[in-house]
Amino acid sequence: AESTGSDKTWVIAMDTVFRPFEYTDENGEFVGIDVDIIKAVAANQGFNIEIQSLGWDAAVTAVQAGQADALLAGASITKERKDSGWIFSDSYYDSYQVFAVKADSGIESLDDLKGKTIAVKNATAGANYAEELKDKYGFKIDTYEDSPTMYQAVVLGQADACVEDKPIMADNIKTGGLDLTIVESTASKVAPYGFAIMNEDNQELLDMFNKGLQEIKDNGTYEEILNKYLGE
Ligand code: GLN
């Protein structure tokens with residue numbers, strides 16, 4: 001029988017290794033800010049979810065193809081994405097893009113990137129930001145599939161810098177003990193994260209997300225989730 005209303009299970013596509021928003025912890029559990037937020041919102045609004053941890057590119061593709069109903073993966077709300085059919089929820093976290101370099105590289109600003117190789121993660125806001133700056137500052141771009149391999153490229157000296165969302169970078173450097181430094185002077189403008197659908201038929205899901213998000217903000221759950229993963 002066709003499932004309707006509260007029986008429906010909404011498929012939520014996520015990244016794989018994108019801590020602290022989604023990652024597998026030492027117990028093998030898939031956890032993170034996005035995971036806890038969608039579970040709290042679904043419980044609050046009384047809908048069923050199935051989380052699929054696919055990786056950034058694959059998650060976007062799955063939602064575009066209708067194999068998943070929505071994307072929750074620290075997705076930056078951008079005009080280009082809205083123009084290309086992404087329908088975003090209210091924002092749930094403010095983030096921005098920034099470059100990181102090897103601690104002893106001597107790179108202190110965008111001006112020091114001339115002739116350098118910059119690692120980016122495919123089809124991300126960070127990759128776009130690097131594209132916008134590359135001609136002006138004279139650097140070249142190498143594309144990687146996920147965040148950890150992008151960081152490793154810089155650690156191993158295959159790239160001189162990488163660019164990604166600040167909270168992801170800070171967490172990876174800290175928990176991975178990476179010998180990288182964030183260069184704050186290279187920061188982009190703030191771009192908040194949103195939950196996204198790409199098919200208007202899922203408007204009901206987007207509405208429930210927005211309602212639930214407001215409620216978990218009002219009842220303190222949202223703040224608890226942020227504190228759990230980001231500390232004070
Ligand atoms: N915030 C970035 C973007 O939207 C990266 C998202 C991700 O890699 N999961 O492109």
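**Architecture and local features of the predicted chain**

Leucine 110 lies in the loop between strand 7 (97–102) and strand 8, where helices (H or I, at least four residues) and strands (E, at least two) are DSSP runs numbered from the N terminus. The model is a predicted one, in which local features need pLDDT of at least 70 and side-chain atom pairs count only at pLDDT 80 or more, whereas totals for chains, interfaces and linings use all residues. Residues are numbered from 1 along each chain as its sequence is written, and side-chain values use heavy atoms, with hydrogens and water left out.

With a relative accessibility of 12%, leucine 110 counts as buried, because the term applies under 20% relative accessible area (exposed being over 50% and partly exposed in between, with a 1.4 Å probe and protein chains only). When neighbours within four places in sequence are left aside, leucine 110 is in contact with Phe99, Leu133, Tyr137 and Thr186, contact meaning heavy atoms within 4.5 Å. Valine 35, by comparison, is separated from leucine 110 by 75 residues in sequence and by 34 Å in space, C-alpha to C-alpha.

At the level of the whole chain, the secondary structure comprises eight helices and twelve strands. The radius of gyration, taken over C-alpha atoms, is 18 Å, which agrees with the value near 17 Å for a compact globule of 232 residues under the rule of 2.2 Å times the number of residues to the power 0.38. The C-alpha trace spans about 60 × 35 × 30 Å along its principal axes, and buried residues account for 50% of the 232 residues. Of the contacts between residues at least 6 apart in sequence, 72% join residues at least 24 apart. The accessible surface, computed by the Shrake-Rupley method with a 1.4 Å probe, comes to about 11,000 Å², and carbon and sulfur atoms contribute 44% of this area.

Domain bounds, which come from an automatic or database domain assignment, divide the chain into domain 1 (5–94 + 192–230) and domain 2 (97–186). The C-alpha centres of domain 1 and domain 2 lie 26 Å apart, and 15 residues of domain 1 are in contact with 18 residues of domain 2.

Two backbone features were found in loops. A cis peptide bond, with omega of about 10 degrees, joins arginine 19 and proline 20, and proline 20 is situated in the loop between strand 1 (9–14) and strand 2 (23–24). Alanine 123, a residue other than glycine, has a positive phi near 60 degrees and is placed in the loop between strand 8 (117–121) and helix 4 (125–137), where alanine 123 is partly exposed at a relative accessible area of 47%.

Two further positions illustrate separations along the chain and in space. Lysine 39, within helix 1 (residues 33–45), is partly exposed with a relative accessible area of 46%, and its contacts, apart from neighbours within four places in sequence, are with Ile49 and Ile51. Lysine 39 and glutamate 224 are 185 residues apart in sequence and 13 Å apart in space, C-alpha to C-alpha. Serine 84, in the loop between helix 3 (79–83) and strand 6 (87–95), counts as exposed at 52% relative accessibility; its C-alpha atom is separated by 9.1 Å from that of methionine 198, which is 114 residues away along the chain.
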